[in-house]
Amino acid sequence: MERTAVMPGRRSPPEYNISTSTLAFDQHFATTAKGLLLLAEIVCGMLVWILVGGTDYFHLSALCWVMFVAVLCWVLTICLFIIYLIGVHNRVPQVPWTMLSLCWNCSATALYLVTAVADAISVNQAIRGRHNYNCWAASAFFAFLTTLCYAGSSYLSYSTWKTSKEEQ
């Protein structure tokens, strides 16, 4: 037979809500079109700077530009992906996120288009069949692919901006 002791004047401890964080992880963001394009930009952009960075690119100023743009866009895109993934854009309404996203994607598209062309032109500077040639040719391909991803993100950002503008 069990007995439970009841102590007068003792209360049970209050229950606290442990999930009081102001940031929320949006687990479905990576499956949206915007999330998939951001992931594609991150992966393809990383391939661009890895393929160029593994060669003697510093002898050509055009490839130094390619590295600068690829790394800069890669880091900023990762930051934007994290912002959307953890929901900062919903928690900080003072920032015009749709306009910021539109400006960033259009700027990145233009920068990457120039970068892809400079990368493709630089391929001729290498000897066919050598390590530099193969890496630079592959990086030019991925630079154009990254440009298309940023263009797709620009279109989605424009659509979102236009929809939000019409609702006001």
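Which residues line the largest cavity? Keep in mind that this is a predicted model. The lining is made up of Lys34, Leu37, Leu38, Ser101, Asn105, Ser153, Leu156 and Ser157. By type, that gives three nonpolar residues, four polar ones and one charged one. Three helices each put at least two residues into this lining: helix 1 (33-53), helix 4 (97-122) and helix 5 (131-167). The volume of the largest cavity comes to about 40 Å³, and the structure has one cavity of 30 Å³ or more.

Now for the annotated segments. An unreviewed UniProt entry carries the annotation "transmembrane region" for residues 35-52, 64-87, 99-121 and 133-153. Here is how the chain looks over two of those stretches:

| Residues | Helix | Strand | Distance between end C-alpha atoms |
|---|---|---|---|
| 64-87 | 92% | 0% | 35 Å |
| 133-153 | 100% | 0% | 30 Å |

So much for the segments; on to the outside of the protein. A nonpolar patch sits on the surface, built from Trp65, Phe68, Leu72, Leu76 and Val114. Together these residues have about 440 Å² of accessible area. Which helix gives the most to the nonpolar patch? That's helix 2 (residues 61-85), with four residues. Phe68, one of the patch residues, is found in helix 2.

Note on methods:
Residues are numbered from 1 along each chain as its sequence is written. This is a predicted model: local features need pLDDT of at least 70, side-chain atom pairs count only at pLDDT 80 or more; totals for chains, interfaces and linings use all residues. Side-chain values use heavy atoms; hydrogens and water are left out. UniProt positions are given in the numbering used here, feature names are shortened, and annotations may be inferred rather than shown by experiment. On a 1 Å grid over the protein atoms alone, a cavity is a set of points where a 1.4 Å probe fits but cannot get out, and a pocket is an open set with protein on both sides within 12 Å along at least five of seven lines; lining residues have an atom within 4 Å of a point. Grid points are joined across faces, edges and corners, and a volume is the space filled by probe spheres set on the points. Ala, Val, Leu, Ile, Met, Phe, Trp, Tyr, Cys and Pro count as nonpolar, Asp, Glu, Lys and Arg as charged, and the others, Gly among them, as polar. Patches are made of residues with over 30% relative accessible area and no salt bridge: like charges are joined within 9 Å, nonpolar side chains (Val, Leu, Ile, Met, Phe, Trp, Tyr) within 5 Å. Accessible areas come from the Shrake-Rupley method with a 1.4 Å probe; for residues, only the protein chains shown count as cover. A salt bridge is a side-chain nitrogen of Lys or Arg within 4 Å of a carboxyl oxygen of Asp or Glu.
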